[in-house]
Amino acid sequence: MKIIDFIRGRTFYERKERSGILFVSIAFIYFVTIYYYPLIQSFLFSFFTGPPSQNRKYVGLATYKKVLSDPLFLLSVKNTFYFVILAVPTTIVLALIIATFLNYVLNKKLRDILSFMFFSPLMISFVAAALIWEWIYHPIYGLLNNLFLFIGLPSQGWLSNVSQAMPSIAIMQIWLRLGFDIMIFLSALQAIPGEYYEAASIDGASGFSCFKHITLPLLNPQIVFVSIIELIFGFQVFDLVYTATHGGPTNVTRVIILHLYETAFKWYRFGEASVIAVFFFLFLLSISILQWKFRRTTTY
Amino acid sequence: MRRIKTVLILGLVMGMLFVNGQSLFAAKKNIELTYWTTMGQHPRFNEWMEDLGKELTKTYPYVKGVKIIAVPYEGYEAKYLSAMEGKVGAPDMFNGMVYDWAGAHDFCALMPEYLVKNIEEHTVPAVRKLGIWDGKMYGVPGSTATGSSFMMLYINTDMLEEAGMDPNSYPETIDELLDFAKKLTKRDASGKVVRAGYAIRYSGNPTGITEKFLPFLHTFGGRMMSPDRKRASGYINSSESVEALQFFADLVNKYRVSSLEIGSPAASFGHKLAAMIFREGWVVGWLRDNAPNLHYKIYPLPTYREKVGVGALFTWTDLVYKYGSNKEESWKYLELVWKNSLGGCIIDEVAPPPWKEDLNCSYMINRPDREATTEMMSRAPSPNYDYIGAHLTEVASIMADAIGDSLYLKKTPKTVLDEAAVKIDALLME
Amino acid sequence: MNKVLKACLCFFLIFLALIIFVPLIWTLSTSFKTPEEITSLPITFFPKNIFNLDNYIHIFAYSAFGRYLLNSFIVSGITVVVSLIVASLAGFGFAKYNFPGKDIVFFAILAILMVPFQAITVPLYLWSIRFKLVDTYQGLAMPGLVSAFGIFLMRGAIESIPNDYLDAARIDGASELRIYWRIILPSVKGSLAALAIIKFLWTWTSFFWPLIITSTDKVKVVTLGLADYTNMYFVEYNFAMAASIISIIPLMVIFIFFQKWVVKAMVLSGMKG
């Protein structure tokens, strides 16, 4: 059946479905105008040297070639991957462990307090978080270095140290995102009927085996959901890095979106910025499609 | 009847939607000019400017005043660009760099003749370059908080005394700078620098990193590019430039009088973690508020082969938005600010503007940087002014990468500067 | 699960929770210190004077932070209300209807999450100008009004409502909109609450778009107010930390108040993918 049949709505079924289309189209139209239209514009810009307001010429795929062979861009891709590998799996695994343990806490008040504490970083904007951690990482007056000195370890450079800078930022991201994932896992865990575990323990299964064979599979949809969200947020990291290290030292924390921002707003190379944006969007899209397909094949 | 009612109501609603906003033919009344600045950390200077705005009412009775709006520095380029591209919501005047807003974009109004003459009367030619693009003047230099301020040497006199040195002594040459730094550095048991003899700028905004290195580059005899801005090879990687970068990196790695883990120089100086820094005149006000017990003195920059004079890389000037509707009034306001700063801005959280007037006037007499300023202004201006032009931000980024790689011992100065020369040449040719 | 193991788990959790929470306590402590206290060695964890409110007074004196808080509330509130309605409508459409192209459209909406905001900033701003939304609450709320995440959530929650209820209502002659209002919405109260909280949080803590779209104090929000205490030269940590605390407190209050709802909500909704 075609859309046009639905709009004419001759049958009851078609009229009913028409409402569905209507409900969805509000959101859809909104997205098309606000997000897709600019994105398509960006896509078109990537074939020129810039937006129509400036004198521009058609360059076809030349900009694509230039960007994809630019060492700074490739470095930012590498850095972003490094960041995501550091931050995302750690967050998910940690959240899973903490949520599982939290589930065993019977005292509701205690569980609420603990949940609150885990969730609190979410209430902070990225800029504030960057400032708070910048201060904690301060080489001389920061909490961390003074703690280290107190227990006899040498003070570290953290954000000023070339090899520690990215892990330091990854720690910030984990800190910020942990609460969200814990909440999702915890609520899913609480929905699992206790009978499953009772049955398993009657059969003599150990705690760990319960986890592996009951909990994990049942939590699969949440794990996939959380993975997709964390990946998306991870790859899009910007405010944290920009405020805390500005891409340094020596470009080790230069991430893709930072590179995009500088290319567009500091160096005014809009053609290149459009290429980066399009490339980034397609990349994230493919990752999400892959994840989605993976989910389809493993639900029970 | 119902039909007519609906039509009337619809008409009323449409009418309200379209009549919103100023009518085309109304006379100007009760307007408030807007001025955007990224200098939010000088609230008293901004208040002073707002007070001046009220004086504008004498010339233009319909102008209520001027609203100074501080834009957060992070992301300000995106904000300026969006506002000015869209024309609506754009400010009447703004504080920005002329090579961005008049050069890369076309958002600046030409300065009227009367103001150009005024500025020419009171400034040295080099300083005027800050507001000039393509031979035409767009921006008012130096009437803003940091405007054309230039770097000078700050030295902590308490630390001099502690090291057994004369608190009124200061290094006049680069060799003496190294000497002083060695004596003033403090290290902990493991050899790590806990108090830098001379604090280096190694992080943050790339243009800042480059700017803080340039005094060294220039005094060694090097330059970033040719005077006509056509080539960087042969200049940025000349033997003098390589020597300068090598010395800079040696401060951290060989002589160990500097640290890459001590924070930004101005902050470290205020926190008593650094004995000497190069910084502009506005630090005076900040130190007064945040480190009142710090005793320091200001001196001209040390020299080596060449005397480095006045010059800045951040060419903040006051610009007027080309598509605004209050340009005439805006220029008059900027003239007001300029004239009043000539007499000596009473707020010492800012640097004195680069005027030719008597440096013994009442305002300057009490400033700690008076003698240093006099000396610096008597020297030939630094090559910084020649760098102003297209793609300056990107050139500075490339240079900052080179500096970073040298400081962190990733590559040798010769290698990075050669690489930088190639990249900058390509840029300059565009 | 024997008692000893449970106790160990508890302690481990408390330890972790404290580690996560300590940065905020440190921020609170710093906000009560003077600049000199902050930069004295050895550092002290607690401020000399626990209720030294100088930093807070300075912030409220030099900037209209009270106004910023109000603005954040208003913008977040508008966003939450609108996104709840639109997301649940769209979620309903995706969950309980079948029209050609449904899956493609759904995926197209999800793909929105992958668009880097910096890429669409300028065109988005130009849109705002056309509709005279610059420096207004509506302009601030605009990009966040409809949430791809929300639609995803709602679809999952609504899917689990048995179709029989809906068919029964249709047989009784109810219009689709009525079904939405009377049956769907009450059944997913939990998910709605969860979405509301998340949306509120996201809008409250957003920075980049408010930066672009606001110019005056009229609609400035707290995240921008905080950014005023950072600048290109140095960060005044005592003020920045105090401003951070001010921006978090309303959220904490709301969260504590709604915490029961949220957890129950997420449990009830099942959060199916």
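Accessible areas are computed here by the Shrake-Rupley method with a 1.4 Å probe, and for residues only the protein chains shown count as cover. On that basis, chain A exposes about 12,600 Å², of which carbon and sulfur atoms supply 69%. The model is predicted, so local features need pLDDT of at least 70 and side-chain atom pairs count only at pLDDT 80 or more, while totals for chains, interfaces and linings use all residues. Residues are numbered from 1 along each chain as its sequence is written, chains are lettered from A and ligands numbered from 1 in the order in which they are written, and side-chain values use heavy atoms, with hydrogens and water left out.

**Chains A and C**

Helices (DSSP runs of H or I, at least four residues) and strands (runs of E, at least two) are numbered from the N terminus. Chain A has 13 helices and zero strands; chain C has 14 helices and zero strands. The C-alpha atoms of chain C fill a box of roughly 75 × 65 × 30 Å along the principal axes.

A residue is termed buried under 20% relative accessible area, exposed over 50%, and partly exposed in between (1.4 Å probe, protein chains only). A contact requires heavy atoms within 4.5 Å. The table sets out the values for chain A and chain C.

| Property | Chain A | Chain C |
|---|---|---|
| Buried residues | 61% of 300 residues | 63% of 273 residues |
| Contacts between residues 24 or more positions apart, among those with a separation of 6 or more | 63% | 75% |
| Exposed area | about 12,600 Å² | about 11,300 Å² |
| Carbon and sulfur supply of exposed area | 69% | 70% |

Within chain A, Val224 illustrates a buried helical position: A:Val224 belongs to helix α10 (residues 207-235) and has 9% relative accessibility. Its C-alpha atom is separated by 26 Å from that of A:Tyr36, 188 residues apart along the chain.

**A two-sided helix in chain B**

Helix α5 (residues 113-122) of chain B contains the buried residues B:Leu115, B:Val116, B:Asn118, B:Ile119 and B:His122. These lie on the same side of α5(B) because they cover an arc of only 160° around the axis, the arc being that of the directions from the helix axis to the C-beta atoms. The face turned away from this buried side carries the exposed residues B:Glu113, B:Lys117 and B:Glu121.

**The interface of chain C and chain B**

In this interface, 28 residues of chain C are in contact with 34 residues of chain B. The buried area (accessible area, 1.4 Å probe, that two parts lose on being put together, summed over both) is about 2,600 Å², with carbon and sulfur atoms giving 66%. Helices α2 (35-38), α6 (117-130), α12 (208-213) and α13 (222-227) of chain C each supply at least two residues of the side that touches chain B. The largest share of that side, five residues, comes from α6(C).

**Salt bridges**

A salt bridge is a side-chain nitrogen of Lys or Arg within 4 Å of a carboxyl oxygen of Asp or Glu. The whole structure holds 20 of them over all chains, yet zero are found across the interface of chain C and chain B.

In chain A, A:Glu262 pairs with A:Arg254 at 2.8 Å between the closest N and O atoms. A:Glu262 is buried at 2% relative accessible area, and A:Arg254 is buried at 4%.

In chain B, B:Glu162 and B:Arg195 form a salt bridge at 3.0 Å, N to O. B:Glu162 lies in helix α7 (residues 157-162) and B:Arg195 in strand β9 (residues 193-198), so the pair ties together parts 33 residues apart in sequence. A network of salt bridges links A:Lys66, A:Arg269, A:Glu272 and B:Glu394.
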